[in-house]
Amino acid sequence: NDRRGFSTFVYNGLEARLGKLLPFDLQPLIFIDHAMGGTEPGVLTGASYWAPGVGLRYPSLIGVVRATFARGFTNKSFTRDPASNSQFFITLGQEL
């Protein structure tokens with residue numbers, strides 16, 4: 001990955017929700033995301049990115065509210081690798 005971004009991208013994610021475990025309809029979840037990309041059309045670079053994480057999900061009247069925390073990893077060594085950072089997200093709206 002460079003500053004131009006990826007021309008080819010493959011993504012796969014797996015999420016497990018533990019529904020009705022907590023009060024107030026809060027749903028804890030665990031997930032892992034995995035991706036590969038390449039700067040040339042149709043060619044993957046061989047670098048593999050993955051991010052295991054945890055979060056909470058709340059089905060509100062205005063849409064699903066999610067708060068997630070993940071840590072990124074890669075199998076390639078880069079001088080300044082953006083994948084090896086921790087990320088925290090809060091989202092609102094429809095899940096895809």
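Colleague: How many salt bridges does a search of the whole structure find?

Modeller: The search finds 2. Keep in mind that this is a predicted model.

Colleague: What makes Arg17 and Glu15 a salt bridge?

Modeller: The side chains meet at 2.7 Å, N to O. The cut-off is within 4 Å, between a side-chain nitrogen of Lys or Arg and a carboxyl oxygen of Asp or Glu. So the pair counts as a salt bridge.

Colleague: What makes Glu15 and Arg66 a salt bridge?

Modeller: Here the value is 3.0 Å, N to O. The limit is 4 Å, so this pair counts too. It links distant parts of the chain: Glu15 is in strand S1 (residues 8-17) and Arg66 in strand S4, 51 residues apart. Glu15, Arg17 and Arg66 are thus linked in a network of salt bridges.

Colleague: Why is Arg66 called buried?

Modeller: Its relative accessibility is 15%. Buried means under 20%, so Arg66 counts as buried.

Colleague: And why does Arg17 count as partly exposed?

Modeller: Arg17 has 42% relative accessibility. Exposed starts over 50% and buried lies under 20%, so 42% falls in between. Glu15, at 34%, is partly exposed by that rule.

Colleague: Which residues form an aromatic pair that is stacked?

Modeller: The count comes to 1 aromatic pair. Trp50 and Phe73 form it, at 6.2 Å centre to centre, with 25° between the planes. Centres must lie within 6.5 Å, and planes under 30 degrees apart count as stacked, so both tests are met.

Colleague: What does the pair tie together?

Modeller: Trp50 lies in strand S3 and Phe73 in strand S5, so the pair ties together parts 23 residues apart in sequence. Arg71 also lies over the face of Phe73, at 5.6 Å from the ring centre.

Colleague: Why is Ile62 called exposed?

Modeller: Its relative accessible area is 69%. The threshold is over 50%, so Ile62 is exposed. Its place is in the loop between S3 and S4.

Colleague: Which patch on the surface includes Ile62?

Modeller: A nonpolar one, with about 1,100 Å² of accessible area together. Other members include Ile30, Val54, Tyr58 and Phe88. Strands S3 (48-60), S4 (63-71) and S6 (86-93) each give two or more residues. S6 gives the most, with 3 residues.

Colleague: Where is confidence lowest, and where highest?

Modeller: It is lowest in strand S5 (residues 73-74), at a mean of 85, and highest in S4, at 95. The mean pLDDT of the protein is 85, and 86% of its residues reach 70 or more.

Notes. Residues are numbered from 1 along each chain as its sequence is written. This is a predicted model: local features need pLDDT of at least 70, side-chain atom pairs count only at pLDDT 80 or more; totals for chains, interfaces and linings use all residues. Side-chain values use heavy atoms; hydrogens and water are left out. Patches are made of residues with over 30% relative accessible area and no salt bridge: like charges are joined within 9 Å, nonpolar side chains (Val, Leu, Ile, Met, Phe, Trp, Tyr) within 5 Å. Accessible areas come from the Shrake-Rupley method with a 1.4 Å probe; for residues, only the protein chains shown count as cover. Helices (H or I, at least four residues) and strands (E, at least two) are DSSP runs, numbered from the N terminus. Buried means under 20% relative accessible area, exposed over 50%, partly exposed in between (1.4 Å probe, protein chains only). pLDDT is the predictor's confidence in each residue, from 0 to 100. Rings of Phe, Tyr and Trp (its six-membered ring) pair if their centres lie within 6.5 Å; planes under 30 degrees apart count as stacked, over 60 as edge-to-face and the rest as tilted. A charge sits over a ring if NZ of Lys or CZ of Arg is within 6 Å of the ring centre and within 35 degrees of the ring normal.
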